[in-house]
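The report below reads a single protein model from its enclosed parts outward, and ends with a few backbone details in its loops. Please keep the sequence and the coordinates at hand while reading.

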Amino acid sequence: MRLILSLLMALVMVALAGAGGLVYMLDHYNQDLPDYTKLANYQPPVTTRVHAGDGRLLAEFASERRVFVPIDAMPKRVINAFMAAEDKNFYEHKGVDPIGIARAILVNIENFGRDRRPVGASTITQQVAKNMLLTNEVSFARKIKEAILAVRIERAFSKDRIMELYLNEIFLGFRSYGVAAASLNYFNKALDELDIEEVAYLAALPKAPSNYHPERQRDAALARRNWVIGRMAEDGHITPEEARAAQAKPLVVRKRDEQEMVTSEYFAEEIRRELVKLYGEQALYEGGLSVRSSLDPRIQAAATKALRDGLVAYDRRHGWRGPVGRMENFDGWPKKLAATTHPPGADGWKLAVVLKDDLADALDIGLADGARGRIPLSELRWARAWKEGESLGPAIRKPSDVAKLGDLLLVEPATGKDEKGKELPAGSYALRQIPAVQGGMVALDPHTGRVLAMVGGFSPHISVFNRATQAMRQPGSSFKPFVYLTALNQGFTPSSLVMDAPFAYDPGGGQPVWRPENFSHEFYGPTPLRVGIEKSRNVMTVRLAQQIGMDKVKALVEKFGIMDNLQPYLPMALGAGETTVLRMATAYAMLANGGKKVVPTFIDRIQDRTGKTIFRHDDRACDSCAAPEWRDGLAVPRVPDNREQINDPRTTYQIVSILEGVVQRGTATTLLSLGKPLAGKTGTTNDSNDAWFMGFSPDLVVGTYIGFDQPRSLGARETGGSAAVPIFKEVMAEALKDKPATPFRVPPGLRLVRVNPATGELAQPGDRRAIWEAFLPGTEPNPDRPQIVLDGSANGGFGMPGDPNAYPAAGDPSTMATPPAAATLGTGGLY
């Protein structure tokens, strides 16, 4: 009896010691546990997707490729498969499964010495604790912490919340985070489309995805999948017949379909920067935002092609800068060519090596796939040697004048006719060259400010610098309409005469006298305002700016958002300040829409991961827009127009009408062949460093610019008309091809009078040159009242026509600041 009591006492003491040790151990590991309560608000990183205006994918931003699926939308079969594979008692235990632990111990004892992998007993809750709160360290301490956290998590959260976290967080290989992403990446299916064997394979992956790779570890993967199918049948989730049928099927993975995407790297990068500015890097890469952009894929494709075509056309006019490389040894030339790095930006062009240069009518070339081809002499004629100052070397007489044996060239399949008028044979190629010049383009809706297309350069693979939004360049004469609009606001009319005669301005301070000239280096006497824009007269513009005051020009330019702080110096009237293509396009949009303020935007709407709209560009209220259906008799909703009126719509239309004249009679008459009402203004800066065209139809604005990144002359003969207008024309031809010829809208409060545009006087009967000119009532030409000529006589010093020695006195210092030497333009060249 005493022995029994002693044994009982010993057992009690051991139990107490064990309990004390357990309490101590739990208290010890409880000291530095992570805060499990943060799981209450935890949201796993989800991919942010940006869509074009038609819904197609434009870009994705993600730290982890994950598609989040709420537990309510998770197919039951998926949940059952993971429970069968990982934790059959998930909805019964309290975080740790004693039965599962006991079973694992027995299985591991049975498997001891059989070289089988030990079976674990971690519950799904323990895996959530490990994956989201702890590390992957293999240790007894981590297992204790994992168990403690699992119990606490179970007390704090519902089973469904824990399962939701698990199925969306777990890594399953193939760059797949969460079961939804894995379903797409392994089987190209949505979760609810998966068959039993496919669900079972996904459920086989959590322990070690790389050990069950569907191709490299096919046998192990198939065995593990079939084991999961068996567990699903044992647990009653599927029938034995379904299990046998599923186990008999092969393990087949399917490559995920390529998503139909819209390609515009510059546009996508602009949106990325905007999202970072609005919400930060973490929200961008992990927040699961759904962004609907304003991009119009059709116009974007046209803009991308047009700018590339325009830059290539300019580049070809200015000569050949030589091959992109050389091959000295021709042994195995196809492999060598295939291993040669493709030049950045040569999208769609092939790399070729010259194999024969002694033919009279072509270069014989080889391509990376081993094929041979020819570049006929007719496709080499353009490649005269480039010379400093954008001039050309001697004419090409034979193929070897362009390239030699072993030269590496960029080529593109060629069609058409050779120099003798014969069709080019198959295997003919055209010589190509990546342009040294760059450019930018923006197309936007003038009524909303939505940017429909944007191109920031020849190729983002050459440079990610966006010349449409980041390049600060002088707009040249494309700035002039805002000087003339200021004058119209001050009481001038399109028929007001301004003296086009020699002009000089002495800025003082020892600086040289500034004498601007017209592009033609001629003067034309009294000239209507309209002609000053249509023919881009520099001297008229400067004289007009001096008369109305640069302070007023500055105020209007800043109101239109062209520049933030225009310096009120006379040279600025000719576009000597700096701005971007986007800013200029937005300003022209406000001309096209009748003087209404618009803000350019690349984003229409942003939704968070739950579908809640958190940003909308158009924030106007429209209760009736939410009608469940449209029926006969249901009134079309009227959305309020809350845009700020920043300029009188009447004078705004007057400048639009004048800019229409630029297309009809001025520097952009090449656009007449489109047969649509168009308006715009060319711009060429001093020494032809930059070429611009800002143009628009009643419902679309397109602005483009061409220039070198390190400013230098484009060439003496290059202007906005030769370099930029063809790009605009190509875009508009595509954008307006299915649109009616909509005229520009005339606002109320104007009188339309037939005048002679060259003189500004009332048209005579039978005058074929007459146009309808818009006037504010009471300002139209009157044959009984002589027109007043702005010749500056009130300030003294303005010369009369034909007097080359008469110059104006220095400007009134109260309205004109003295420009520094750096702001002074040359005497001519703006067009």
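Why is helix α8 (residues 196-203) described as largely enclosed by the rest of the structure? In this predicted model, eight of the eight residues of α8 are buried, so the helix is largely enclosed by the rest of the structure. The buried residues are I196, E197, E198, V199, A200, Y201, L202 and A203, and what covers them includes the helices α2 (76-86), α7 (179-187), α9 (218-234) and α10 (240-247).

The setting of that helix is a protein with 21 helices and 23 strands, in which 49% of the 831 residues count as buried. Among the contacts between residues at least 6 apart in sequence, 69% join residues at least 24 apart. The protein exposes about 38900 Å², of which carbon and sulfur atoms supply 54%.

Helix α11 (residues 265-279) has 15 residues and reaches 21 Å from its first C-alpha to its last, close to the 21 Å expected at 1.5 Å a residue. Its buried residues are Y266, F267, A268, E270, I271, R272 and L275. In general, an α-helix has 3.6 residues a turn, so residues three or four places apart point the same way. After α11 comes G280, whose phi is positive, near 95°.

Two cavities of 30 Å³ or more are held within the structure, and about 40 Å³ of space lies in the largest of them. What lines this largest cavity is a set made up of V312, D315, R316, W382, L431, R432 and Q433. The elements giving two or more residues to that lining are α13 (297-317) and β11 (429-432), and the largest share, three residues, comes from α13. By character, the lining of the largest cavity divides into three nonpolar residues, one polar and three charged.

Four single residues, two buried and two exposed, can be set side by side by location and relative accessibility.

| Residue | Location | Relative accessibility |
|---|---|---|
| I148 | helix α5 (residues 140-156) | 13%, buried |
| P698 | loop between β19 (690-697) and β20 (700-707) | 4%, buried |
| H521 | loop between β14 (497-500) and β15 (525-528) | 53%, exposed |
| D687 | loop between β18 (679-684) and β19 | 55%, exposed |

For P698, the relative accessibility of 4% is the reason why this residue counts as buried, although P698 lies in a loop, the one between β19 and β20. Leaving aside residues up to four places away in sequence, P698 touches P446, H447, A592, P677, T742, P743, F744 and R745. One of these contacts, P677, is 21 residues away along the chain, and the C-alpha atoms of P698 and P677 are separated by 7.8 Å.

I148, which is found in helix α5, is buried because its relative accessibility is 13%, under the 20% limit for a buried residue. I148 and V96 are 52 residues apart in sequence, while their C-alpha atoms are 8.7 Å apart in space.

Which sign does phi take at H521? The phi of H521 is positive, at about 60°, although H521 is not a glycine. D687, likewise a residue other than glycine, has a positive phi near 65°. H521 is exposed, with a relative accessible area of 53%, and D687 counts as exposed at 55% relative accessibility.

Conventions: Residues numbered from 1 in each chain as written. Predicted model: local features only at pLDDT ≥ 70, side-chain atom pairs only at ≥ 80, totals over all residues. Heavy atoms only, no water. Expected span 1.5 Å × (residues − 1). Buried < 20%, exposed > 50% of the residue type's maximum accessible area, 1.4 Å probe, protein only. 1 Å grid on protein atoms, 1.4 Å probe; cavity = no way out; pocket = protein on both sides within 12 Å on 5 of 7 lines; lining within 4 Å. Points joined across faces, edges and corners; volume = space filled by probe spheres on them. Nonpolar A, V, L, I, M, F, W, Y, C, P; charged D, E, K, R; others polar. Contact = heavy atoms within 4.5 Å. Areas by Shrake-Rupley, 256 points an atom, 1.4 Å probe, with all protein chains shown as cover.
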